Amino acid sequence: VQLQASGGGLVQAGGSLRLSCTASRSIFNQMNWYRQAPGKQRELVATITYGGRSNLADSVKGRFTISRSDAGNTVYLLMSSLKPEDTAVYYCNTIITGAAYWGQGTLVTVSS
């Protein structure tokens, strides 16, 4: 499985971005978004099951929304009210039969 993330960019604080992660085939497993800020460990931001049940990290609740396509091969992360501390490389991820698959990452930079 290959994951292709896109949608990152430079945005002012308070702005919005939508990230997309497209898989090379339909995914019937949970899909996740992680992020890694400079000098920090990678952290889990949002998860969504194939059935659409989602969870968000406390730091992004109320600002970010995760969703996925009906076909199951694309997951989105809509980010609103962005803050400078949201600046990071964002990665999509899924685990299939114990193997972890990662997208290449997309950089989000939030200016103050």
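Thr97 counts as exposed in this predicted model, because its relative accessibility is 80% and the exposed class begins over 50%. Thr97 is found in the loop between strand 9 and strand 10 (99-102), and although Thr97 is not a glycine, its phi is positive, at about 45 degrees. The hairpin formed by strand 9 and strand 10 has two residues between the strands, and Thr97 takes its positive phi within that hairpin. The two strands themselves pair in the antiparallel sense over four bridges, and on this ladder Ile95 stands opposite Ala100 in strand 10.

A positive phi in a residue other than glycine also occurs at Ser81, where the value is near 45 degrees. Ser81 lies in the loop between strand 8 and strand 9, and because its relative accessible area is 41%, Ser81 is classed as partly exposed. A further positive phi, near 80 degrees, belongs to Gly72 in the hairpin of strand 7 and strand 8, a hairpin with five residues between the strands.

Strand 7 and strand 8 lead into a sheet that can be followed strand by strand. This is an open sheet of four strands, arranged in the order 1-3-8-7 with antiparallel pairing. Strand 1 and strand 7 each have a single partner strand and stand at the edges, so one side of each is left without a neighbour in the sheet. From one strand to the next, the twist averages 15 degrees. Beginning at the strand 1 edge, strand 1 and strand 3 pair in the antiparallel sense over four bridges, with Leu3 standing opposite Ala23 in strand 3. Strand 3 then pairs with strand 8, again in the antiparallel sense, over six bridges, and here Thr22 stands opposite Thr74 in strand 8. The pairing of strand 7 and strand 8 is antiparallel over five bridges, and the bridge partner of Ser67 is Tyr76 in strand 8.

The next part of the picture is the interior. In soluble globular proteins, nonpolar side chains tend to be buried together. The largest nonpolar core of this model has 28 residues, and those with the most contacts inside it are Trp33, Phe64, Leu77, Met79 and Tyr90. Among the elements that give two or more residues to this core are strand 1 (3-6), strand 3 (17-23), strand 7 (64-68) and strand 8 (74-79), together with strand 4 (31-36), strand 5 (43-48), strand 9 (88-96) and strand 11 (106-111).

Two of these core residues can be followed in detail. Leu77, when residues up to four places away in sequence are not counted, touches Leu17, Arg18, Leu19, Trp33, Val45, Ala46, Phe64, Thr65, Ile66 and Tyr90. Met79 lies in strand 8, and it counts as buried because its relative accessibility is 0%, where buried means under 20%. Leaving aside neighbours within four places in sequence, Met79 is in contact with Gly15, Ser16, Leu17, Leu19, Arg63, Phe64, Tyr90 and Val108. Thr94 is 15 residues from Met79 along the chain, and the C-alpha atoms of Met79 and Thr94 are separated by 20 Å.

The aromatic rings add another layer of description, since a search of the whole structure finds three aromatic pairs. In one of them, the rings of Phe28 and Tyr50 have their centres 5.1 Å apart and their planes at 65 degrees, so this pair is edge-to-face, the class that applies to planes over 60 degrees apart. The pair links distant parts of the chain, as Phe28 is in the loop between strand 3 and strand 4, whereas Tyr50 is in the loop between strand 5 and strand 6 (54-56), 22 residues apart. With a relative accessibility of 54%, Phe28 counts as exposed, while Tyr50, at 40%, counts as partly exposed.

Elsewhere, Tyr34, Tyr91 and Trp102 form one aromatic cluster. Arg42 is placed against two of these rings: the charged end of Arg42 sits over the ring of Tyr91, 3.8 Å from its centre, and that charged end also sits over the ring of Trp102, 4.6 Å from the centre of the ring.

Technical notes. Residues are numbered from 1 along each chain as its sequence is written. This is a predicted model: local features need pLDDT of at least 70, side-chain atom pairs count only at pLDDT 80 or more; totals for chains, interfaces and linings use all residues. Side-chain values use heavy atoms; hydrogens and water are left out. A nonpolar core is a set of buried Ala, Val, Leu, Ile, Met, Phe, Trp, Tyr and Cys residues joined through side-chain atoms within 4.5 Å. Buried means under 20% relative accessible area, exposed over 50%, partly exposed in between (1.4 Å probe, protein chains only). Contact means heavy atoms within 4.5 Å. Rings of Phe, Tyr and Trp (its six-membered ring) pair if their centres lie within 6.5 Å; planes under 30 degrees apart count as stacked, over 60 as edge-to-face and the rest as tilted. A charge sits over a ring if NZ of Lys or CZ of Arg is within 6 Å of the ring centre and within 35 degrees of the ring normal. Two strands pair if DSSP finds at least two bridges between them. Axes are lines fitted to C-alpha atoms, for helices over the stretch in contact, and angles run from 0 to 180 degrees between N-to-C directions.
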